[in-house]
Amino acid sequence: MQPVAAVLWACMAGVVLLGAATTEGVEDAALWRGVSVESSWLKTTVTQTPRNLSLIPCGAACMRQDWCRLWCHEAPRGCLLTSLTASASYTPAQPVGALTCYTSRPPDLAVGATITSSPPDYVDKRHKENLVDGIYGGAMSDCAKVNAFDGTTAWFLLDIGASVPVTEVILVAQPNSNAPSHLRDVEVRVGDVQMAGDFTTYQLLGTFPGPAVPEQTIVLRPAPPLTGRYVSIQRTTTETLQIAHLEIR
């Protein structure tokens with residue numbers, strides 16, 4: 001890591017505003033949001049690099065790594081850079097012993113939403129609830145997979161609880177060679193009436209013809225934003241649909 005010549009930061013309501021100047025120029029400012037994460041996620045599922053750094057240089061070091069998505073500070077001078085994706089909306093299932101970490105990802109409307117779907121491909125793994133937990137470590141077990149059924153193609157439907165503007169939907173493909181067949185021919189729509197399997201009355205937010213490549217991040221942004229309570233993700237062809245991670249803003 002290069003020496004830091006000047007640092008400006010402020011903490012407020014779980015947010016760290018960090019701007020670091022280096023000897024080679026001024027780095028982009030980043031808004032880091034505090035989030036609690038179980039240590040089990042950090043120990044078993046993600047790329048990580050420990051550093052002997054104080055609080056603010058941890059964030060600067062993370063910004064320099066393409067793979068770094070979340071960093072944790074371990075007192076007095078411990079810094080853990082990780083590739084774990086965690087929304088600022090994430091709430092740990094086991095809060096006792098959770099680490100205080102920081103993410104640049106903003107709050108996510110998908111976290112905690114009610115989710116329904118076409119029939120799951122597996123009963124005991126790859127549950128649809130993985131798409132509303134706000135955290136993804138890169139393992140296949142963290143994906144969600146559903147099938148076509150009874151004349152409708154494979155789909156997920158999220159009820160975000162209120163009619164709000166939707167500005168962005170992010171889909172992440174699974175991390176193996178089946179991504180091209182399981183994430184393609186996708187429509188994302190927004191509506192205000194709960195449906196099941198036929199979302200053609202919803203407004204079209206965006207499409208992804210694909211095929212996806214492993215670990216691909218697909219970002220769909222409507223112009224202008226669409227307002228609605230329900231967000232549907234559905235295949236237009238009859239194969240299964242598998243998503244590793246989902247975010248809605």
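**Asking why: disulfides, sheets and a buried glutamate**

Reader: What makes Cys62 and Cys68 a disulfide?

Author: In this predicted model, the sulfur atoms of Cys62 and Cys68 sit 2.1 Å apart. The cut-off for a disulfide is 2.5 Å, so a pair at 2.1 Å passes and gets the name. A disulfide, by the way, is a covalent bond between two cysteine sulfurs.

Reader: Which hand does the link of Cys62 and Cys68 have?

Author: That link is left-handed, with -105 degrees about the S-S bond. Both of its cysteines, Cys62 and Cys68, are buried.

Reader: How many disulfides does the rule give?

Author: Two. Besides the pair we just met, there's Cys72 with Cys101, whose sulfur atoms are 2.0 Å apart. Since 2.0 Å also falls within 2.5 Å, that pair counts as a disulfide too. With 95 degrees about the S-S bond, the Cys72 and Cys101 link is right-handed.

Reader: What makes you say that the pair links distant parts of the chain?

Author: Look at where the two ends sit: Cys72 belongs to strand E6 (residues 70-74), while Cys101 belongs to strand E9 (residues 99-103). That puts the two cysteines 29 residues apart.

Reader: Why does Cys72 count as buried?

Author: Cys72 has 0% relative accessibility. Buried means under 20%, so Cys72 qualifies. Cys101, with a relative accessible area of 0%, is buried because that value is under 20%. You can run the check on Cys143 as well: it has 0% relative accessibility, so it is buried.

Reader: How many of the 249 residues in the protein chain, as a percentage, are buried?

Author: Buried residues make up 47% of the 249. As for the outside, the protein chain exposes about 11500 Å², and carbon and sulfur atoms supply 54% of that area.

Reader: What does the secondary structure of the protein chain come to?

Author: Three helices and 20 strands. Among contacts between residues at least 6 apart in sequence, 69% join residues at least 24 apart.

Reader: How do you know that E10 and E13 pair?

Author: Count the bridges. Strand E10 (residues 114-117) and strand E13 (residues 155-166) are joined by four, and they run antiparallel. Pairing needs at least two bridges, so four is enough. If you want to find the spot in the model, Thr114 stands opposite Asp159 in E13, and Ile115 has Leu158 as its bridge partner.

Reader: What joins E13 to strand E18?

Author: Eight bridges join E13 to E18 (residues 226-235), and these strands run antiparallel. With at least two bridges needed, these strands therefore pair as well. Here Leu158 stands opposite Val231 in E18.

Reader: Why do E10 and strand E16 stand at the edges?

Author: The open sheet has five strands in the order E10-E13-E18-E15-E16, with antiparallel pairing. E10 and E16 (203-208) each have a single partner strand, so one side of each lacks a neighbour in the sheet. From one strand to the next, the twist averages 25 degrees.

Reader: Which strands form the open sheet of three?

Author: The order is E17-E14-E20, again with antiparallel pairing. Its edge strands are E17 (217-220) and E20, each pairing on one side only. On average, neighbouring strands here are turned by 10 degrees against each other, direction ignored.

Reader: What makes E14 and E20 a pair?

Author: Four bridges, in the antiparallel sense, between strand E14 (residues 169-172) and E20. The rule asks for at least two, so they pair. One bridge puts Val172 with His245 in E20.

Reader: Why is Glu247 called buried?

Author: Glu247 has a relative accessible area of 1%, which is under 20%, so it is buried. You'll find Glu247 in strand E20 (residues 245-248).

Reader: What do the side chains of Glu247 and Arg105 share?

Author: A polar contact of 2.8 Å. The side chains of Glu247 and His245 are also joined by a polar contact of 2.8 Å. The limit is 3.5 Å, so the distance fits in each case. Leaving aside neighbours within four places in sequence, Glu247 is in contact with residues including Thr85, Asp108, Glu168 and Ile170.

Definitions and conventions: Residues numbered from 1 in each chain as written. Predicted model: local features only at pLDDT ≥ 70, side-chain atom pairs only at ≥ 80, totals over all residues. Heavy atoms only, no water. Buried < 20%, exposed > 50% of the residue type's maximum accessible area, 1.4 Å probe, protein only. Polar contact = N/O pair within 3.5 Å; in protein donor to acceptor, adjacent residues only side chain to side chain. Contact = heavy atoms within 4.5 Å. Axes fitted to C-alpha atoms, helices over the stretch in contact; angles between N-to-C directions. Areas by Shrake-Rupley, 256 points an atom, 1.4 Å probe, with all protein chains shown as cover.
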